[in-house]
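Trainee: Please take me closely through one part of this structure, as I am new to it. I would like to follow its residues one by one and see how they connect with their surroundings.

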Amino acid sequence: MGREQRQFIQFIAALTMLIDHIGMVFFPSVIGFRAIGRLSFPLFAFGIAEGVRYTHRFWLYFGRILLTAVLSQPIYMLLFGITQGNPLFMLAWGAAALYFFRQGKKAVAAVLLIGSYFADMSYGWYGVWTIFCFGLYAERESLCFYGQLLLNILYGLKTRAWIQLLSLFSFGFLDGKWRVAAFSKKLPRYFFYVFYPLHLLVLWGIKAGIS
């Protein structure tokens, strides 16, 4: 997969996340916003898996995710009124599990994968295992898809959030089926590290202003 396609996937992930959060904050009863938002997380999970695969300085990469998570947490709690860790903590956790697995430290990876079940963070074990599953995408696309299907079924059984099954449609972006135009504009290197806390801050400001 080339840079242009990865940029397109990152852009779609950010856009669908923004739509999802707008729905959560301002239109909680409109299911369409949440349905579109289901496409976001698998694309971010794919991006993390790709980041772990290609980075030459993993702990710097991991540190950027974790720092963004810490900086975003107060805004996340104010905006959504919840105390659990925001999704970036889960992305960092999943990145670490996949990294240790790729380094041959499977016992450490197993501890992280199992431990994610008890962690109080958005998407929790489902998110961490999704990232781990996407670590297989480059070599075994079909296995990755069916692994995602199983994870979504287990997540639905536990949370009754069956709408998450719509996330499987995100695979259409990964194989290019839904790409309708070239996406050649290069985004700033750290755009997505800034975008997450910034869009939360803007939404919180709007919410506070109309309350």
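Mentor: Helices here are DSSP runs of H or I with at least four residues, and they are numbered from the N terminus. What you see is a predicted model, in which local features need pLDDT of at least 70 and side-chain atom pairs count only at pLDDT 80 or more, while totals for chains, interfaces and linings use all residues. Residues are numbered from 1 along each chain as its sequence is written, and side-chain values use heavy atoms, with hydrogens and water left out.

The part I would choose is the pairing of helix H7, residues 124–134, with helix H8, residues 141–159, whose axes lie 9 Å apart and form an angle of about 175 degrees. That angle makes H7 roughly antiparallel to H8, a description kept for angles over 145 degrees; the axes are lines fitted to C-alpha atoms over the stretch in contact, and the angles run from 0 to 180 degrees between N-to-C directions.

On the H7 side, the residues that meet H8 are Trp125, Tyr126, Trp129, Thr130, Cys133 and Phe134, where contact means heavy atoms within 4.5 Å. Their partners in H8 are Cys144, Gly147, Gln148, Leu151, Asn152, Leu154, Tyr155 and Lys158. Sorted by type, the residues of this contact are 9 nonpolar, 4 polar and 1 charged; in this scheme Ala, Val, Leu, Ile, Met, Phe, Trp, Tyr, Cys and Pro are nonpolar, Asp, Glu, Lys and Arg are charged, and the others, Gly among them, are polar.

Two cysteines in this contact deserve attention, Cys133 on the H7 side and Cys144 on the H8 side. The sulfur of Cys133 has its closest cysteine sulfur in Cys144, 4.1 Å away, which is too far for a bond, since a disulfide is a pair of cysteine sulfur atoms within 2.5 Å. Cys144 is accordingly in no disulfide, and the structure as a whole holds 0 disulfides. Cys133 is buried at a relative accessible area of 8%, and Cys144 is buried at 0%; buried means under 20% relative accessible area, exposed over 50% and partly exposed in between, with a 1.4 Å probe and protein chains only.

Phe134 carries the picture beyond the helix pair. Not counting residues up to four places away in sequence, Phe134 touches Pro42, Ala45, Phe46, Ala49, Cys144, Gln148, Phe171 and Leu174. In the largest nonpolar core, which has 60 residues, Phe134 is one of those that touch the most other members, together with Ile48, Val52, Met90, Leu91 and Leu174. Helix H5, residues 87–102, gives the largest share of this core, with 10 residues; such a core is a set of buried Ala, Val, Leu, Ile, Met, Phe, Trp, Tyr and Cys residues joined through side-chain atoms within 4.5 Å.

Another residue of H5 is Ala97, which is buried with a relative accessible area of 0%. Leaving aside its neighbours within four places in sequence, Ala97 is in contact with Ala109, Leu112, Leu113 and Phe132, and the last of these falls within the residues of H7.

The loops beside the helix pair complete the view. Tyr123 lies in the loop between helix H6, residues 106–115, and H7, and although Tyr123 is not a glycine, its phi is positive, at about 70 degrees. Arg160, in the loop between H8 and H9, is also a residue other than glycine with a positive phi, near 65 degrees. Tyr123 is buried, with a relative accessible area of 18%, whereas Arg160 is exposed, at 60%. Farther along the loop between H8 and helix H9, residues 171–174, is Ser170, which counts as buried at 0% relative accessibility. Leaving aside neighbours within four places in sequence, Ser170 is in contact with Leu39, Pro42 and Leu43, and Pro42 is also among the residues that Phe134 touches.

Terms used:
Parallel < 35°, antiparallel > 145°, perpendicular 65-115°, else oblique.
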